[in-house]
Amino acid sequence: MNDVLERLAQVLDARKQADPDTSYVASLHAKGLNKILEKVGEECTETLLAAKDAEHSGDTRDVVYETADLWFHSMVMLSRLGLGPQDVIDELASRFDLSGLEEKASRNP
């Protein structure tokens with residue numbers, strides 16, 4: 001699974017400097033972080049709506065599709081900030097053997 005995310009991260013990094021007229025990722029970077037964040041928010045909303053629909057219909061195809069879009073745009077955001085999927089995976093790994101309540105309590109207020 002990490003291989004797919006790492007391959008995507010490499011493609012996203014390579015496309016940062018591509019021509020914005022021919023690369024969607026380059027066009028997002030050219031518009032700046034706020035545009036990237038707008039897309040993350042839009043995809044988040046679409047994911048939430050798809051999940052609500054899936055709960056009622058039992059059809060989960062749209063929630064998977066929208067989650068893929070959310071992950072993609074989140075990875076564009078991470079790339080913009082010089083981060084990648086391994087940074088997130090490392091954070092998740094550090095939370096094993098720690099209850100969610102303990103992890104939340106350990107955050108700085």
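A cavity, as I use the word, is a set of grid points where a 1.4 Å probe fits but cannot get out. I keep that definition at the head of these entries, which concern a predicted model.

**Entry 1: the enclosed space**

I looked up how many cavities of 30 Å³ or more the model holds, and the count came to one. I then looked up the volume of the largest cavity and noted about 40 Å³.

Next I asked which residues line the largest cavity. I listed A9, L12, D13, M75, L78, S79, L83, G84 and P85. I sorted this lining by class and recorded six nonpolar, two polar and one charged residues. D13 is the charged one, because Asp belongs to the charged class. G84 is entered as polar, because Gly is placed in that class.

I also checked which helices contribute to the lining. Helix 1, residues 2-15, supplies at least two residues of the lining, and helix 4, residues 61-80, likewise supplies at least two.

**Entry 2: the overall fold**

I turned to the whole protein and found six helices and zero strands. Read along the sequence, the pattern I wrote down is α-α-α-α-α-α. For the extent of the protein, I noted that its C-alpha atoms fill a box of roughly 45 × 35 × 30 Å along the principal axes.

I looked up burial and found that 27% of the 109 residues count as buried. The protein exposes about 7800 Å², and I recorded that carbon and sulfur atoms supply 56% of this area.

I then considered contacts with a sequence separation of 6 or more. Residues 24 or more positions apart account for 58% of them.

**Entry 3: salt bridges in helix 3**

How many salt bridges does the structure hold? I found seven, and I examined several of them individually.

The pair K35 and E38 came up in my search, with the closest N and O atoms 3.0 Å apart. That distance qualifies as a salt bridge because the cut-off is 4 Å. Both residues lie in helix 3, which covers residues 33-57, and they stand three residues apart, about one turn of the helix. I looked up their accessibility as well: K35 is partly exposed at 26%, and E38 is partly exposed at 44%.

I next examined K39 and E42, whose closest N and O atoms are also listed at 3.0 Å. This pair, too, lies in helix 3 with a spacing of three residues, about one turn. Is K39 buried or exposed? I found K39 to be buried, because its relative accessible area of 13% falls under the 20% limit. Its partner E42 is partly exposed at 34%.

I followed these charges further and found that K39, E42 and E43 are linked in a network of salt bridges.

**Entry 4: a salt bridge between D59 and R61**

My last search concerned D59 and R61, whose side chains meet in a salt bridge with an N to O distance of 2.6 Å. I noted that D59 is partly exposed, with a relative accessible area of 33%. R61 counts as exposed, because its 62% is over the 50% limit.

Key. Residues numbered from 1 in each chain as written. Predicted model: local features only at pLDDT ≥ 70, side-chain atom pairs only at ≥ 80, totals over all residues. Heavy atoms only, no water. Helix = DSSP H or I, 4+ residues; strand = E, 2+ residues; numbered from the N terminus. Buried < 20%, exposed > 50% of the residue type's maximum accessible area, 1.4 Å probe, protein only. 1 Å grid on protein atoms, 1.4 Å probe; cavity = no way out; pocket = protein on both sides within 12 Å on 5 of 7 lines; lining within 4 Å. Points joined across faces, edges and corners; volume = space filled by probe spheres on them. Contact = heavy atoms within 4.5 Å. Areas by Shrake-Rupley, 256 points an atom, 1.4 Å probe, with all protein chains shown as cover.
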